[in-house]
Amino acid sequence: MRLKNVKGAKEKIESSSYLLLNPEEYKGHFHDVFENEHPLHIEIGMGKGNFIIENAKRYPEINFIGIEKFDSVIVRAIDKLQDIDLPNLRLIRMDASHIENVFDHEVDTIYLNFSDPWPKNRHEERRLTSTPFLTRYDSLFRGDYRIKMKTDNRKLFEYSLISFTNYGYELSKLSLNLYEDELIKDNIATEYESKFVSLGKPIYFVEVTKKK
Ligand SMILES: C[S@@+](CC[C@H](N)C(=O)[O-])C[C@H]1O[C@@H](n2cnc3c(N)ncnc32)[C@H](O)[C@@H]1O
């Protein structure tokens, strides 16, 4: 993603009631943030937020947290949330390489949408589906593990399928062309997804699960 320096982004983000400024403080008791025991779904690398915001609107009985590392990107999600009241949504600005410090056995589903592919071998550990990340995710899940991934990148997809299965995940649902298969009912598109679909590119999708 090309990053622009967005003037005033930091101040705008930090004054938003959607942002959890010190997320480590809620580790193990995120239900206090939402004041209910609803399932918790998180998206890592949410970008400009369309997916997580639309999910929060559509599914009020699920709590959603969007995670993004860059101010200049998360501010776009904050802009979209002006004048919208979604009590089941929060955002966290952080690099997910420390995600095990934030959640403790309280997440039900992780979404990885159009994650950065990091094509060079020497950057493998930065891929959000690499073994180091899958290891970090272990302590996040409350019950059975569930990860849902969408991407336009065939190589990242193939890499991830191998990484997931080597780590003990089962492939529960898989599509090599999500829009043709209509595998997900009421699919919610991300910003990247809308762009790739308009270019006629196939969208790869996999849902993987692992028993606790
Ligand atoms: C290619 S963009 C896709 C954004 C969005 N999911 C979509 O589909 O439109 C990947 C996003 O993930 C974020 N990201 C990448 N690695 C991350 C990490 N380790 N922690 C948090 N965010 C990350 C990037 O900053 C970027 O906004």
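# Reading burial, pairing and salt bridges

Student: Why is β3 called largely enclosed by the rest of the structure?

Tutor: Because four of the five residues of β3 are buried. This is a predicted model, and a residue counts as buried under 20% relative accessible area.

Student: What makes β2 and β3 a pair?

Tutor: Pairing takes at least two bridges between the strands. β2 and β3 have five, in the parallel sense, so they pass. One residue match is Ile-65 with its bridge partner Arg-90 in β3.

Student: Which order do the strands of the sheet take?

Tutor: The open sheet has seven strands, running β3-β2-β1-β4-β5-β7-β6, with mixed pairing. β3 and β6 each have a single partner strand, so they stand at the edges and one side of each has no neighbour in the sheet. From one strand to the next, the twist averages 15°.

Student: How do you know that β1 and β4 pair?

Tutor: Three bridges join β1 and β4 in the parallel sense, and the threshold is at least two. For Ile-42, the bridge partner in β4 is Ile-110.

Student: Which helices pack on the sheet?

Tutor: α3 does, touching β1, β2, β3, β4 and β5, and its direction makes about 170° with that of β2. Helix α5 (residues 131–138) also packs on the sheet, touching β1, β4, β5 and β7 (204–210). The direction of α5 makes about 140° with that of β5.

Student: Which residues of helix α3 are buried, and what covers them?

Tutor: Within helix α3 (residues 50–58), the buried residues are Phe-51, Ile-52, Ile-53, Asn-55 and Ala-56. Their cover includes α4 (71–80) and the strands β1 (40–44), β2 (63–68), β3 (89–93), β4 (109–113) and β5 (145–151). An element belongs to that cover on the basis of contact, that is, heavy atoms within 4.5 Å.

Student: What makes Arg-142 and Asp-108 a salt bridge?

Tutor: The N to O distance between the two side chains is 2.9 Å, and the rule asks for a side-chain nitrogen of Lys or Arg within 4 Å of a carboxyl oxygen of Asp or Glu. The pair therefore qualifies. Arg-142 lies in the loop between α5 and β5, and Asp-108 in the loop between β3 and β4, so the salt bridge ties together parts 34 residues apart in sequence.

Student: Why is Arg-142 called partly exposed?

Tutor: Its relative accessibility is 31%. Buried ends under 20% and exposed begins over 50%, so 31% counts as partly exposed.

Student: Which salt bridges does Glu-207 form with strand β5?

Tutor: One is with Arg-146, where the closest N and O atoms are 2.4 Å apart. Arg-146 lies in strand β5 and Glu-207 in strand β7, so this pair ties together parts that are 61 residues apart in sequence. Another is with Lys-148, at 4.0 Å from N to O. Lys-148 also lies in strand β5, so its pair with Glu-207 ties together parts 59 residues apart in sequence.

Student: Are Arg-146, Lys-148 and Glu-207 buried or partly exposed?

Tutor: Glu-207 has 5% relative accessibility, so it counts as buried. Arg-146, at 29%, is partly exposed. Lys-148, at 22%, counts as partly exposed too.

Student: How many salt bridges are there by this rule?

Tutor: The count comes to 15.

Student: What makes Phi of His-105 and Phi of Phe-114 worth listing?

Tutor: Each is a positive value in a residue other than glycine: near 50° for His-105 and near 55° for Phe-114. His-105 lies in the loop between β3 and β4, while Phe-114 lies in the loop between β4 and α5.

Student: Which of these is buried, and how do you know?

Tutor: Phe-114 is buried, because its relative accessible area is 8% and the limit is under 20%. His-105 has 44% and is therefore partly exposed.

Student: What makes a nonpolar patch of Leu-171, Leu-174 and Leu-176?

Tutor: A patch takes residues with over 30% relative accessible area and no salt bridge, and nonpolar side chains are joined within 5 Å. Leu-174, in strand β6 (residues 170–175), has 37% relative accessibility and so counts as partly exposed. Together the three residues have about 240 Å² of accessible area on the surface.

Definitions and conventions. Residues are numbered from 1 along each chain as its sequence is written. This is a predicted model: local features need pLDDT of at least 70, side-chain atom pairs count only at pLDDT 80 or more; totals for chains, interfaces and linings use all residues. Side-chain values use heavy atoms; hydrogens and water are left out. Patches are made of residues with over 30% relative accessible area and no salt bridge: like charges are joined within 9 Å, nonpolar side chains (Val, Leu, Ile, Met, Phe, Trp, Tyr) within 5 Å. Accessible areas come from the Shrake-Rupley method with a 1.4 Å probe; for residues, only the protein chains shown count as cover. Helices (H or I, at least four residues) and strands (E, at least two) are DSSP runs, numbered from the N terminus. Buried means under 20% relative accessible area, exposed over 50%, partly exposed in between (1.4 Å probe, protein chains only). Axes are lines fitted to C-alpha atoms, for helices over the stretch in contact, and angles run from 0 to 180 degrees between N-to-C directions.
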